[in-house]
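Me: I should like to learn how to read the packing and the chain contacts of a multichain model. Could we work through one together?

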Amino acid sequence: MSGMSKIVKTISAIILPFITIYGLYIIAHGHLTPGGGFQGGAIVASGFAMIVVAFGSIWTMEKIKEKHLSILESLGAIGFIGLAFLGIIFGAKMFFANFLVKQDVLPFFNQIGQGLSNINTAGLLPLMNFAVGLKVIAGLFAIVLVMAYATSKIKEGTEK
Amino acid sequence: MIYQIPFIAVALLVLIGLYAVVFKRNLIKIVIGITIIESGVNLFLITLGYREGSIAPIYHGTEEAIRSLPVPQALTLTSIVIGVAVLALMLSFIVYIYRHYNTLDVRKIVGGDEE
Amino acid sequence: MNQILDFLVLHSPALVVAIPLLGAFLTVLVSKIGNRVRNIFVIIISALTSIFALLLSYDVFTNGIRIYVFGGSYNPGETMIRILFEIDGINAFMLIIAAILPFVAIIYSWAFMNEQTGLDKYYTLILLITAGMLGMMMTGDMFNFFVFLEITSIASAALIAFWTNKGNAVAAGFKYIVISAIGALFVLLAIALLYGQYDALNMAILANNIQFGLLDKMALVLILAALAMKAGIVPMHMWLPDAYGRAPSSVTVVLIGTTLASLYGVFRVIFTIYGNHIMTSLRTIGEFILTPGLTIGILIIALAVLTIIVGVFMAIKQSDFKRMIAFAAVAEIGYIFLAIGAAFSTFYANPETGAATLTHSGEIALKGGIFHILNDALDVSLLFLVAGAIYFTAKTTSLNKLGGLARNMKYTSVFFLIGLLAVSGLPPMNGFASKLMIYQSTYQVNPILAIVAILCSILLLATFVKVLHSAFLGPKISNLENIKEVPRSMLIAMGIIACLIIFIGLFPNLVVETVVTPAANALKNASQYIAMITGGF
Amino acid sequence: MVDFQQILDPFLRTLKTGSGFWNPILWGIALILIFLVIYIIRGFGKREYKEGTEQTKPFLSGNPEGDKDKMHVKGSNVYWGFSETLKSIYKVFDKMHTGNVSDYVLWFLIIMGLFFIVLGVI
C-alpha cells in the first residue's frame with residue numbers, strides 16, 4: 001500500500017506535532033488532572049497510528065524499525081521498575097515507596113518546577129508516568145505498525 | 001428506577017457479548033463479543049463509583065463537597081489497559097490463523113493433528 | 001552478612017515479583033550482546049527468583065505469616081487501600097512449586113529452543129509468566145490477583161503460539177486467550193460485585209465482612225467457575241490438551257504452574273474468603289439440614305470424579321504423546337479436586353466453639369490433596385520434558401511413528417520410567433504417598449470414590465505403559481536409527497525434577513510435616529490470615 | 001559432635017495416612033528381602049539357555065520374522081480391544097471434544113449455571 005492521497009498525508013503531517021504535544025501534556029500532568037501515562041501514551045500512539053494510515057505501513061516500516069520500538073518499550077518498563085526498586089533503598093524503605101515527596105534525599109529535586117503552576121508536587125509519580133508513557137507509546141505504535149504491516153502483506157498475497 | 005438502568009445495561013452487554021462468543025462463527029465477531037463483555041464489566045465498575053452530584057477528587061478546598069471515589073475508576077483504567085493488550089493479541093492470532101487456514105470460521109480451526 | 005540477609009528476607013515478597021519483571025525487560029537489551037550472554041543472564045535471573053521464593057517460603061514456615069505493603073507501612077485495623085502481599089502457609093507451599101518449574105524450564109530451553117528465532121521475546125515472556133504466577137500466589141488483594149491472572153494469561157497465550165509456523169499451535173493460542181479473557185472478565189465482575197458491597201478489595205477484609213447474601217453467592221459462582229475453567233476441570237478442560245499439547249515442552253512446564261496458580265485461587269476463595277460462612281451456616285429444606293460446605297463439597301467431588309474419568313479415558317486413547325500427557329494432567333488435577341472436595345464435605349461446626357472443624361479423615365484428605373499439588377506439578381512436568389526430548393531428537397511425538405528409542409536414549413528412558421511410576425502412583429515414587437492419602441481418606445467419605453480413584457490410577461499406568469511399549473521398546477525404526485541422546489542442559493533439567501521426585505518419594509513424611517501440614521493448617525483455619533490485616537486479635 | 005540421630009530422625013519417620021501408614025524405607029527393605037528369596041529360588045532352576053542357537057530367535061508360531069518396522073506394534077494399535085469395547089463411551093467423549101472455542105465457552109456457561117443452581121437455590 002502506498003498510503004492515501006497527498007492531502008491526507010500533508011494534513012496528518014501537520015497535525016502530528018500537535019497530537020504529540022497534547023499527549024505529552026496529558027502524561028506530564030497525570031498526577032494533577034485526569035490522565036496519566038497510559039492515556040497520554042495512547043494519544044501519542046494514536047497520532048502515530050494516523051501516520052501509519054496516511055502513509056501506509058510499508059513506508060512507515062522503512063522509517064521506523066519494530067526492533068527499536070521494542071527496545072524503547074523495555075526501557076520504559078525498566079524505568080518504571082527501577083524507580084520502584086529505588087524505593088527499597090530510600091525513603092520509607094519499601095518497594096514502590098514514593099521517596100521523592102516531602103523529602104531530603106534529593107534536595108535539588110524540590111526546586112524543579114517551582115513557580116506559578118507548581119507542577120512538581122507528587123514526587124516519583126510524574127517520573128513513573130513518563131516511564132509508562134514511553135512504554136505505551138512504543139508498545140501501541142509497535143502493535144499498530146506490525147499488524148498493519150502483516151495484513152498488508154496478506155492482501156498482496158491474495159491479490160497475486 | 002433511573003439508577004438501575006446502568007446495571008440493566010451491564011447485564012445486557014454481558015449477555016450480548018456471550019451470545020456473540022457462543023453463537024457467532026466468525027473469529028472477528030467472537031473477539032468483538034469479548035470486547036463487548038469487557039465494556040459491560042467496565043461499565044459496571046464505573047457505575048459502582050458514581051454518586052449523584054459528586055465531583056472529581058482532585059481539587060483542593062473541596063473537602064466538604066461530595067467527592068466520587070477514585071478507586072473504581074483506577075480499576076476500570078487498569079482493566080481497559082489489559083483489554084487493549086488482550087485485543088491486540090487476539091487480533092494478531094487471527095492474522096496468523098488466516099494465513100494458515102485461509103478461513104475465519106471457528107468450526108474450521110478445530111485443529112486436530114495435522115500429520 | 002546477617003543484616004544483608006535480614007534485609008533481603010524482609011523485601012523478598014517484592015523482589016520475588018520484581019526481579020523477573022525487571023529481568024524480562026532487560027532481556028530485550030541483553031540479547032543484543034549475544035545469545036550465550038542472554039541465556040546465562042536469564043538463568044541467573046530465574047535462579048535469583050527461585051532463591052528468593054524459597055527463602056521467603058522458608059521464612060514463612062518458620063516465623064509465620066508475612067505481610068508486605070507496597071510503598072508504605074500498615075497498621076492493623078486501619079482502612080487499607082494499599083496493595084499488599086500476604087504470605088501464609090498455602091502461599092509458601094505454592095511458592096515452592098513456582099520456584100522450581102520456571103527455573104527448570106529455562107535450563108531446559110537452553111538446548112531445546114537453541115535453533116529458534118525470536119528467543120529474546122521467548123525468554124521475556126517466560127519471565128513475565130513467572131512474575132505473574134508468583135504474584136498470583138502471593139497477593140492479598142483481589143484486584144491485584146486479577147491483574148496477575150491477566151499477565152499470566154496473555155504471556156502464556158503468546159508462548160503457546162510461539163511456533164507460529166504451525167497452524168494448530170496458533171489456533172490453540174487463540175482458544176486459550178479467548179478462554180482466559182472470558183474467565184478473567186468474569187473474575188473481574190465477581191470482584192466488582194464484592195467491591196460494590198464491602199468497599200474493600202483486600203482478601204482478608206472481604207473475608208471478615210462477608211455476609212453470604214445472594215450477590216455474594218453470585219460472585220462466588222462467577223469466580224469459582226472461571227478459576228475452575230483456568231484450572232482445567234471437566235467439562236471446561238478442552239483448552240488444556242490443545243494448549244499443553246501444542247506449546248513447546250519448556251513452555252508447557254511453566255503452564256502447569258499457571259494452572260496450579262488458578263487452583264490456588266479456587267482454594268483461597270472457598271477456604272479463606274467464603275470459608276467461614278460456607279462451613280458454618282446452615283440451611284434447612286423441609287427436614288434436611290444442609291450446610292453450604294456439604295453442597296459445595298459434593299459438587300466439587302462430582303466434578304472431580306468426572307475430571308478423573310474423562311481425563312484418563314481420553315488419555316488412553318490418544319496417539320500423540322504430548323496430548324496424552326495433557327489429558328493425564330487433567331486427571332491429576334481431578335485427584336487434587338477430589339481430595340479437596342472430600343475434605344470440604346467433612347467440615348462440621350464444632351459443638352463447643354461453633355468454629356468450623358475437619359474430621360480426621362477430612363484432614364488427611366486435605367493434606368493429601370495439597371501434597372498431590374506438588375507431586376502433580378513434578379510428575380507431569382517430567383513427562384512433558386521427556387516428550388520434549390523425544391520431539392527434539394525424533395521431530396515428532398506421534399506414537400505411531402516412534403519405536404526403539406530406549407536403544408539410543410538411555411537417560412531419557414530412565415527419566416521416563418521415573419515419571420511413569422510417579423504419575424501412576426506406584427511405590428516408591430512421590431505420587432504413591434499422596435495418592436495413598438487420597439484413597440484412604442476418600443474411602444471414609446464414600447468407598448466408591450476411592451474405587452474410582454484407584455481404578456483410574458491403574459488406567460493411567462496402562463496409558464503410559466502404552467508409551468513405554470510403542471516409543472521406547474521394540475526394534476529400532478529405520479528412520480530413527482541414528483538419533484542421539486539429548487544435549488546436557490535438557491538432561492540436567494530432567495535430572496533436577498527426577499531427583500526431587502525420588503527425594504519426595506523416599507522421605508514423604510518429611511515433606512508432609514515440614515511443608516504440607518502448615519499449608520493445610522492455613523487453609524482450614526483462616527482466622528489468623530484475616531486477623532493479620534484486620535487486627536482482630 | 002554432630003547428633004546424627006537428630007538429623008536422621010525426620011527422614012525416617014513413618015507417614016500416617018489415615019487408617020494406614022507408608023514408609024518407603026521399610027518397603028525397600030521388604031523389596032530387597034523378596035528379591036533375595038526369589039534369587040535363591042532361581043538358583044534351584046536348570047541352566048539350559050545357550051547363546052547362538054535357535055533358542056535366542058523370536059518364535060512366531062513357525063512363521064518367518066518380518067520387517068523390523070512392521071513387527072513393532074504402533075501406538076494406536078495398543079489397547080485396540082479396550083477402545084473397541086468402550087466404543088459407546090468414546091462416542092460421547094469424542095462428541096464433547098469438538099475443538100471449537102464457542103463450545104468451550106458454552107460448557108463454561110453451563111457449568112456456571114449448574115453452580116448457580118446448586119449454590120443459589122439450595
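Me: How much area is buried between chain C and chain D, and what part of it do carbon and sulfur atoms give?

Reply: Please keep in mind that this model is predicted. About 5400 Å² is buried between chain C and chain D, and carbon and sulfur atoms account for 77% of that area. On the side of chain C, C:Val221, C:Met238 and C:Phe313 supply 11% of the area buried against chain D, more than any other three residues.

Me: How many residues of each chain are in contact there?

Reply: The contact involves 70 residues of chain C and 47 residues of chain D. There are five pairs of chains in contact, and chains C and D share the most contacts among them. Chains A and D, by comparison, do not touch, and 23 Å separates their nearest C-alpha atoms.

Me: Which charged side chains meet in a salt bridge between chain C and chain D?

Reply: The rule finds one salt bridge across this interface. C:Lys317 and D:Asp94 form it through their side chains, with an N to O distance of 2.7 Å. Such a pair counts because a side-chain nitrogen of Lys or Arg lies within 4 Å of a carboxyl oxygen of Asp or Glu. Polar contacts are counted separately: seven residue pairs are found across the interface of chain C and chain D, both residues being at pLDDT 80 or more. The side of chain C that touches chain D comprises 48 nonpolar, 14 polar and eight charged residues.

Me: How should the interface of chain C and chain B be read, and how many residues does each chain bring to the contact?

Reply: The same quantities can be taken in turn. Chain C contributes 38 residues to the contact and chain B contributes 37 residues. The buried area is about 3100 Å², with 80% from carbon and sulfur atoms. C:Phe174, C:Leu185 and C:Tyr195 supply 19% of what chain C buries against chain B, more than any other three residues. Between chain C and chain B the count of salt bridges is zero, while two residue pairs are in polar contact, both residues at pLDDT 80 or more.

Me: Which elements of chain C give two or more residues to the side that touches chain B?

Reply: These are α5 (142-160) and α6 of chain C. Of the elements on that side, α6(C) gives the most, with 19 residues. By class, the side of chain C that touches chain B divides into 22 nonpolar, eight polar and eight charged residues.

Me: Turning to the interior, which residues have the most contacts inside the largest nonpolar core?

Reply: In soluble globular proteins, nonpolar side chains tend to be buried together. Here the largest nonpolar core has 301 residues, and C:Phe321 and C:Phe464 have the most contacts inside it. Helix α6 (residues 167-198) of chain C gives the most to this core, with 22 residues. Beyond its neighbours within four places in sequence, C:Phe464 is in contact with residues including C:Phe321, C:Met324, C:Leu383 and C:Phe416. A second, separate core of seven residues includes A:Val52, A:Met61, A:Leu69 and A:Phe141.

Me: Is C:Thr258 buried or exposed?

Reply: C:Thr258 counts as buried because its relative accessibility is 6%, and the cut-off for buried is under 20%. C:Thr258 belongs to helix α10 (residues 249-273) of chain C. Apart from residues up to four places away in sequence, C:Thr258 touches C:Ile129, C:Met133, C:Thr152, C:Ser156 and C:Tyr176.

Methods
Residues are numbered from 1 along each chain as its sequence is written. Chains are lettered from A and ligands numbered from 1 in the order in which they are written. Side-chain values use heavy atoms; hydrogens and water are left out. Helices (H or I, at least four residues) and strands (E, at least two) are DSSP runs, numbered from the N terminus. Buried means under 20% relative accessible area, exposed over 50%, partly exposed in between (1.4 Å probe, protein chains only). Contact means heavy atoms within 4.5 Å. A nonpolar core is a set of buried Ala, Val, Leu, Ile, Met, Phe, Trp, Tyr and Cys residues joined through side-chain atoms within 4.5 Å. Buried area is the accessible area (1.4 Å probe) that two parts lose on being put together, summed over both. A polar contact is a pair of N or O atoms within 3.5 Å; within protein, one must be able to donate a hydrogen and the other to accept it, and residues adjacent in sequence count only if both atoms are side-chain atoms. Ala, Val, Leu, Ile, Met, Phe, Trp, Tyr, Cys and Pro count as nonpolar, Asp, Glu, Lys and Arg as charged, and the others, Gly among them, as polar.
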